[in-house]
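Dear colleague,

Please find below the structure that I am handing over to you. My notes on it follow directly after.

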Amino acid sequence: MTELAIGFLNGFGLPPIEFVDLAADLGCRYISAVVRGAPLVPLGYPPFSLKDDPALRRGVLARMRQRGVAASLGDGFLVLPDTETRLFSADLDVLAELGVPRINVVSLDPDLDRTFDQFAALTELAAERSIQTVVEPVPGLTVGDLPTALAAREYVGRPDFRLLIDTMHLVRSGSGAADLAAVDPEYIGYAQLNDTTLQPRLANYMEEAMFERMVPGEGELPLIDLLSVLASDIVLEIEVPRRSLALAGVSPIDRVRPCVEAAHRLLAEIGRQP
């Protein structure tokens, strides 16, 4: 069974307890979580820190238990040129308390060798807390495509270091379903579902990725082909931030509901029941 998750990016800083309710109200079992939240769009949400606010942490845990929602991913881990991964220890402690099974990492350090070393160190640090690590290839970042992510997997050489496949990033970086099918399924630990056009819609790639993706099935990505080669038991996170609708006053649930319904249709088309 393919389980659906709601990615934190959809909420543009929606407070974490409300985010748990959003997922539950949409019938989704999982959410992705961040330790610190800041409003990416001026929607009136206050910043928060699960690390610095134990009462909020307890509240999130209680709401997750009450609503039957769990965290499937801890996001927001960045390798920077001047950052040592040991500084992530406190963040990892928070995520372990929340029961997060894996974290996602990307690199903004242009030094590929150092990036790989930091991936290995972070994986070890997370494993001490029984947390796995996935790396997300993102065009324009140090690990920008599937081959580089596979090279990172080979370098780290641990079964608890795997790949996160984001449909937009995968296709825009030049790979497709055939490339994905050639990867050992054990190397892929998580997936994010979204849609877009094959050619850029905004001049800045990261602005498009962070703020304006499309409902699955409404763009040009070969989503059926991609979903067909992903393992059936993978967690599939819906990551479709839509800033224009948020600024127009459309509520989070009304922005995300069409994406959940689209995911159900796509999965049904390949014979999977979420």
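**T167 and its surroundings**

A polar atom in the side chain of T167 lies 2.7 Å from the backbone oxygen of N194. Please bear in mind that this is a predicted model. The C-alpha atoms of T167 and N194 are 6.1 Å apart in space, while 27 residues separate the two in sequence. T167 belongs to helix α6, residues 167-172. Its relative accessibility is 3%, so T167 counts as buried. Beyond the neighbours within four places in sequence, T167 is in contact with Q192, L193, N194, L221, L223 and L226.

**Two buried aspartates**

D109 sits in the loop that connects β6 (102-107) with α4 (112-127). Because its relative accessibility is 4%, under the 20% limit, D109 counts as buried. What does the side chain of D109 reach? One partner is the backbone nitrogen of D111, at 2.9 Å. Another is the side chain of R114, joined to that of D109 by a polar contact of 2.8 Å. With neighbours within four places in sequence set aside, the contacts of D109 are V79, L80, P81, R114, T115 and T142.

D91 is part of helix α3, residues 89-97. With a relative accessibility of 8%, D91 therefore counts as buried as well. Leaving out neighbours within four places in sequence, D91 is in contact with V35, R36, K51 and F77.

**The nonpolar cores**

The largest nonpolar core has 78 residues, and I6, L92 and F119 have the most contacts inside it. Helix α11 (residues 252-269) supplies the largest share of this core, 7 residues. F119 is in contact with V79, V105, V106, S107, V135, V143, A152, V156 and F161, not counting neighbours within four places in sequence. Apart from the largest core lies another core, of 7 residues, among them Y30, V134, L164 and Y190.

L163 is placed in strand β8, residues 161-166. L163 has a relative accessibility of 0% and so counts as buried. Residues up to four places away in sequence aside, L163 touches V134, V135, L146, A149, L150, R153, Y187, I188, G189 and Y190. L163 and L180 are 17 residues apart along the chain, and their C-alpha atoms are separated by 11 Å.

**Helix α1 and the loop before it**

How much of α1 is covered? The helix is mostly covered, with 7 of its 10 residues buried. These buried residues are P16, F19, V20, D21, L22, A23 and A24. The elements that cover them include β1 (3-6), β2, β4 (48-49), α2 and α11. After α1 comes G27, which has a positive phi, near 75 degrees.

F12 is found in the loop between β1 and α1. Although not a glycine, F12 has a positive phi, near 50 degrees. Its relative accessible area is 0%, so F12 is buried. A positive phi, near 60 degrees, is also found at S130, again a residue other than glycine. S130 lies in the loop between α4 and β7 (132-135). Is S130 buried or exposed? It is exposed, because its relative accessible area is 66%, over the 50% limit.

**The largest pocket**

The largest pocket has a volume of about 950 Å³. Its lining consists of 45 residues, of which F8, L9, V34, D75 and G76 are the closest to the centre of the pocket. Two or more lining residues come from each of α1 (16-25), β2 (30-33), β3 (36-37), α2 (54-67), β5 (70-79), β6 and α8 (205-211). Which element gives the largest share of the lining? That is β5, with 5 residues. By residue class, the lining divides into 31 nonpolar, 8 polar and 6 charged residues.

With kind regards

Definitions and conventions: Residues are numbered from 1 along each chain as its sequence is written. This is a predicted model: local features need pLDDT of at least 70, side-chain atom pairs count only at pLDDT 80 or more; totals for chains, interfaces and linings use all residues. Side-chain values use heavy atoms; hydrogens and water are left out. Helices (H or I, at least four residues) and strands (E, at least two) are DSSP runs, numbered from the N terminus. Buried means under 20% relative accessible area, exposed over 50%, partly exposed in between (1.4 Å probe, protein chains only). A polar contact is a pair of N or O atoms within 3.5 Å; within protein, one must be able to donate a hydrogen and the other to accept it, and residues adjacent in sequence count only if both atoms are side-chain atoms. Contact means heavy atoms within 4.5 Å. On a 1 Å grid over the protein atoms alone, a cavity is a set of points where a 1.4 Å probe fits but cannot get out, and a pocket is an open set with protein on both sides within 12 Å along at least five of seven lines; lining residues have an atom within 4 Å of a point. Grid points are joined across faces, edges and corners, and a volume is the space filled by probe spheres set on the points. Ala, Val, Leu, Ile, Met, Phe, Trp, Tyr, Cys and Pro count as nonpolar, Asp, Glu, Lys and Arg as charged, and the others, Gly among them, as polar. A nonpolar core is a set of buried Ala, Val, Leu, Ile, Met, Phe, Trp, Tyr and Cys residues joined through side-chain atoms within 4.5 Å.
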